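Reader: I have the coordinates open and would like to go through how the parts touch one another. Could you put the structure up so that we can start?
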Amino acid sequence: MLSSKIRELEELRKQARQLVEAAGLDPWPVIFGVVDHDQLNEYSAYDGFPERFPHWSFGMSYDYFRKRSAYAGWWTYELVINTNPAIAYLRESNTPVENKGVMIHVYAHVDFFKNNYWFSKTPKDMIQVMHTHAERIEEYMEKYGIEKVESFIDKALSLQYEIDQYAPFVKRGLKPRAEEEQEPEPSRIPVKRDYMDRFINPPKWLEERRAKLKQAQERAKLRDETELLKPHKDILGFIMKYGRLENWQRDILAMIREESLYFVPQIQTKIMNEGWAMFWQSKLMAEFARPEEFIDHADMVSKVLTGGALNPYALGKLIWEDIKERWDKGRFGRDWELCKDPEKKRRWDTKANLGTEKIFEVRRTYNDVMFLSEFFTPELFEKLKLFAYEYIPETGAYHITSRSYEDVKKKLLLQHTNLGRPLIKVATGNYGNKGELLLLHFYNGVGLHLEEAKEVLKNIYAMWGRPVNLKTIIKRKVKDPDPMRNRIHPEHPVTSVYEEQGVLLRYDGENLRELALSSAEVKDIRLDEDYSTIPREWIG
Amino acid sequence: MAKRILKDLERFKKIVRGEIRKNLKELIETGSIVGQKGGDIVKVPIKAIRIPQFRYDPHEQGGIGVGEGEIGEPIRFDPQQDGLGQAGYGPGPHFREVEIEVRELAEILGEELELPRIQPKGHRHVLSGDEEYEDVSTVGPQALLMKRRAFRKGLLRQLLMSPPLAQGETIIVTPIKEDMRYLYGQPSEKPEANCVIIFMRDASGSMSGEKTEIIRQENWWIDLWLRTNYSNVERVYILHDYEAQEVSEEDFYSLSTGGGTRISSAYELCNRIIDRRYNPDQWNIYAFHFSDGENWIGDTENACVPLLRDALLPKVNLFCYGQVTLGRRSPGLHLIKLKERIEDDRLVTSIISDREDILRSIKDFLGKGR
C-alpha cells in the first residue's frame with residue numbers, strides 16, 4: 001500500500017520534471033517529502049527547515065499555523081527550501097492531480113532559486129547551517145541559562161533585517177584592513193618551567209583575553225575616528241563588531257545575520273518568485289489539459305480582481321503573463337512606446353515571438369523592485385481596478401485616495417524598496433565623542449512606527465552598552481481642518497495640516513528622550529521623496 | 001522524543017500566559033476581549049509578545065487595494081488583516097494580537113482566580129459523538145460532501161480527458177465517484193454534561209449605562225468559565241422591572257425600562273423556566289441576578305426569600321446575586337436582607353461598585369467550585 005503510493009508519487013514526479021524541463025526550466029534536483037498536516041505546520045513555522053535554533057517566536061508561528069488550519073481551514077499550499085538538492089513537502093491528503101500541480105509549482109521555485117542572480121550567493125547547504133546554529137545556541141543555553149540566551153536573542157532579532165542586503169555582492173565596509181588582522185597578543189604570566197605554562201596560562205584563558213584585547217583595540221580605534229566616512233547600513237554587523245558583548249553574544253549576532261542574509265533574496269523576489277511558480281503551474285497544467293480553460297487559472301484571476309487588499313503574488317503571475325504576451329506580439333521598443341493610438345496598440349502584433357526568451361532573461365537578473373518598475377505598465381494597470389488608500393486620522397479609517405497609475409505604482413514600490421522597510425543607517429559609534437551610537441533614519445515622507453522604534457532603541461542599548469541615538473522625522477499637527485469644508489465636500493474627508501519635525505530619540509539606559517533637530521540636521525536625513533497620495537484639497 | 005517545535009510552543013505559551021496573567025485585571029476592566037462572539041478563538045491585544053523592529057507606521061504607509069469604490073470612500077477591508085499586501089517582513093507571520101483558544105483563556109482565568117474545577121452534579125453522563133473536521137477524504141457520508149470541490153474535480157477531470165473544446169463551446173460537468181470530496185474527522189467520545197446559565201437583570205432606568213456594561217463584562221467571563229467546564233451550555237436571559245420576561249441576549253444588554261422594580265417577578269419566571277425546560281436531574285443550573293439592590297417594599301422578605309429557599313436553591317448548582325452600586329448611590333437593601341435570612345452554600349452574593357471589582361466578584365461567584 002505504502003510503496004504503491006510512493007511509486008505513484010515517483011511517477012508523478014518524473015512526469016512533472018519532464019514537463020518543466022521540456023518547457024525550458026532548469027531546476028536543481030528536488031527531494032519531495034510527504035507529511036501530515038501537523039508536520040506541515042511545524043515546517044512552516046521553521047520557514048521550511050526541519051530544525052531551527054530554540055526560540056519562542058517559532059512556537060508563536062507554529063501556534064498561528066495550527067490555529068489557522070484547525071479553525072479557518074487555511075493551509076500552507078506548498079513549502080520548498082532553497083538548497084541543493086531542494087527540499088519540498090507535499091500534504092499527505094493531496095490528490096494525484098493536486099500533487100502534480102504542486103510539483104510543477106515547486107520545480108518552478110527551484111528553477112528560480114538556481115538561476116536568479118539574487119540567490120547566487122546563498123549557501124546551498126543551509127539545512128546544515130541551520131542545524132549547526134541550533135546546536136551552538138543550545139550549547140550556550142546550557143552554559144549560560146535558557147532565559148539569559150533567549151532574552152538576548154529577543155534583542156538581537158530586533159535588528160534581524162537591519163543588515164546590508166547587498167553585502168554578499170560587493171566588498172565594502174566592515175572587512176578588516178590588513179594590519180588589523182594581526183591578532184593582538186595578551187601578556188602571559190611568566191613561568192619558571194615550560195610544562196607549567198599550559199596550567200598557568202591555559203589556552204582557553206589566553207583565547208578569552210585575546211578576544212577582549214582585540215575588542216578594546218577596536219573600540220579605541222573607533223573613538224579615534226569621530227565619524228565613519230559614510231553611514232553604514234549593516235547595523236547588526238556594526239554592533240556585532242563594536243558592541244560591548246561577550247563572545248557568545250557576538251556569535252549569536254553572527255548566526256542571526258547569516259540567516260537573514262540567506263532569507264533576504266526571498267524577500268527581494270517574492271512577487272517574481274511566487275508569480276513565476278504560479279505562471280508555470282497554470283501554464284503547464286493547462287497545456288497538459290488544454291489551453292485557456294484551466295480552472296485554477298480562472299480562479300486565480302478572479303481572486304486578484306475581487307475587491308480587497310492586493311494579492312502581490314497573483315499580481316506577479318499577471319505581470320509574467322503580460323511580459324510573455326508583449327514580447328510575443330512585439331509590444332516593446334521605440335515604435336511601441338511612441339505609438340499613441342490606443343486602437344492600434346490594442347491590435348499590435350508583430351509576431352515577434354520573443355516572449356519565452358524574454359521571461360527567462362528577466363528571471364535571471366531582476367528582483368521585485370526592478371520587476372515592478374519596469375513591467376508594471378500603465379496598460380497592465382488599466383486592466384486591474386487598483387487604487388491607493390491612505391489613513392485619515394480625522395475619520396479613523398483608510399480612504400481611497402487615488403486611482404492614478406503613478407500613485408498606485410509609487411505605493412507598490414514603497415512596499416518593496418529596501419525590503420519594504422525604512423532605511424536606517426549607523427552614522428557613528430562615537431557620537432559626541434562619548435562612544436554613543438548614532439543611527440540615521442533617511443526619511444522618505446513615511447514615518448517610523450514610533451512606539452516600536454523606541455523599543456528597538458532599548459534593545460540596541462542592551463547590546464551596545466552605551467546610549468543610543470536615532471535621528472528621524474515625525475509629523476506634527478499644526479492646524480485642524482476647517483469644519484466648514486466638511487459640509488461643502490461631504491464626499492471626501494478633510495484632514496489636518498501637518499508639518500515635518502526633526503527629532504533625536506535618545507535612550508541612555510534609563511530614560512527615553514526626544515530632542516528637536518536643527519534644520520541643517522533635518523536636511524541631512526530628508527530624502528527627496530514623497531509617497532503620500534492624499535489629494536491636496538483634502539488638507540486643511 | 002518530544003518534537004523541537006513543541007518546546008518552542010511551550011516557551012511561547014508560557015510567555016503568553018504570563019502576559020495575560022499580568023494584564024488580566026486590565027483586560028477585564030477595559031473590556032477589550034468582551035464582545036467577541038462565539039468561536040473557539042479569542043483575540044487578546046497584548047503588545048509585549050512581539051519582537052519590536054524598525055518599520056513604517058502603517059497609518060502613514062497606506063497601501064493598495066483592488067475593486068470598486070469612489071475616491072474618498074472608506075475601504076471595506078482591514079489592511080492589517082489581509083496581511084498579504086504588507087510586504088517587507090521576513091518569513092513567518094507577524095501579529096498585533098495574540099490569538100488564544102477559549103479553553104486556554106479559561107484556564108488562565110481559573111488559575112489566576114484559583115477557581116476550583118467544577119464538579120458537575122451526579123448526573124448521568126452522555127457520550128456524545130462530536131466530530132472535528134480536520135481534513136478532506138475521498139469517501140464519506142452525503143451530508144459531508146463538499147460540493148464545490150467535487151465540481152472542480154469533475155471539471156478538471158473532464159478537461160483533462162476530453163478533446164479540446166471549440167471556442168464558445170460549453171462543458172457540462174458531471175462529477176463521478178472519484179471526484180467526490182468529503183469533510184473528514186475523528187469522532188470523539190466524551191462525557192457530556194449539560195449546563196444552563198440563567199442571566200437575570202433589573203432593567204429599570206437606574207440600571208442603564210455603566211452598570212449594564214459592568215454586567216456585560218462580568219457575564220462574558222462567567223460564561224467563558226462555565227462553557228469550558230461543560231460540553232453543552234444553554235443560556236436564558238431574563239429582564240425585569242415590575243414584571244419579568246425572557247429576552248434575547250442582545251435585548252438583555254440593550255433594553256431599559258422606566259417602571260419600578262419587583263425582583264420576585266424574575267425569580268418566579270426563572271423558577272417556571274427551570275420547571276418547564278431544565279430538569280435538575282439532567283441539568284447543572286446556574287442563575288445570576290444583577291440589580292442595584294432596590295426593590296419593591298416587602299418584596300425581598302415576603303416573596304424573594306421564600307422563592308429562593310423553597311423553590312430555587314434546591315434545584316440549582318449556584319444562585320449568584322450581584323449588587324451593582326456605582327459610586328455614591330446608597331446601596332439598596334436586597335443583598336443585606338438575603339444574607340440575613342438565607343444561609344445556604346448555593347447562594348452567593350457580591351457587591352460590585354466599579355469595574356475594578358469585576359475580577360473579585362467573579363471569584364466570589366465561581367470560587368465555590370459548584
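Reader: Which residue stands opposite Gly65(B) in strand 2 of chain B?
Author: In this predicted model, Ala309(A) is the residue that stands opposite Gly65(B), which belongs to strand 2 of chain B.

Reader: And in what sense do strand 4 of chain A and strand 2 of chain B pair, and over how many bridges?
Author: Strand 4 of chain A, residues 308-309, pairs with strand 2 of chain B in the antiparallel sense, over 2 bridges.

Reader: OK, zooming out, how many residues of each chain are in contact?
Author: On the chain B side there are 59 residues in contact with 84 residues of chain A. Among the elements that each supply at least two residues of the chain B side are strand 2 (63-66), strand 4 (126-137) and helix 4 (147-161), while helix 1 of chain B gives the most, with 9 residues.

Reader: What is that side made of, by class?
Author: The side of chain B that touches chain A divides into 27 nonpolar, 13 polar and 19 charged residues.

Reader: Changing topic to chain A alone: how far apart are the C-alpha centres of domain 2 and domain 4?
Author: Domain 2 is assigned as 127-170 + 199-267 and domain 4 as 397-538, and their C-alpha centres lie 29 Å apart. Between these domains of chain A, 22 residues of domain 2 are in contact with 20 residues of domain 4.

Reader: Which helix gives the most on the domain 2 side?
Author: Helix 9 of chain A does, with 4 residues, and the domain 2 side that touches domain 4 has 11 nonpolar, 5 polar and 6 charged residues.

How values were computed:
Residues are numbered from 1 along each chain as its sequence is written. Chains are lettered from A and ligands numbered from 1 in the order in which they are written. This is a predicted model: local features need pLDDT of at least 70, side-chain atom pairs count only at pLDDT 80 or more; totals for chains, interfaces and linings use all residues. Domain bounds come from an automatic or database domain assignment. Two residues are in contact if their C-beta atoms, placed from the backbone, lie within 7 Å. Ala, Val, Leu, Ile, Met, Phe, Trp, Tyr, Cys and Pro count as nonpolar, Asp, Glu, Lys and Arg as charged, and the others, Gly among them, as polar. Two strands pair if DSSP finds at least two bridges between them.
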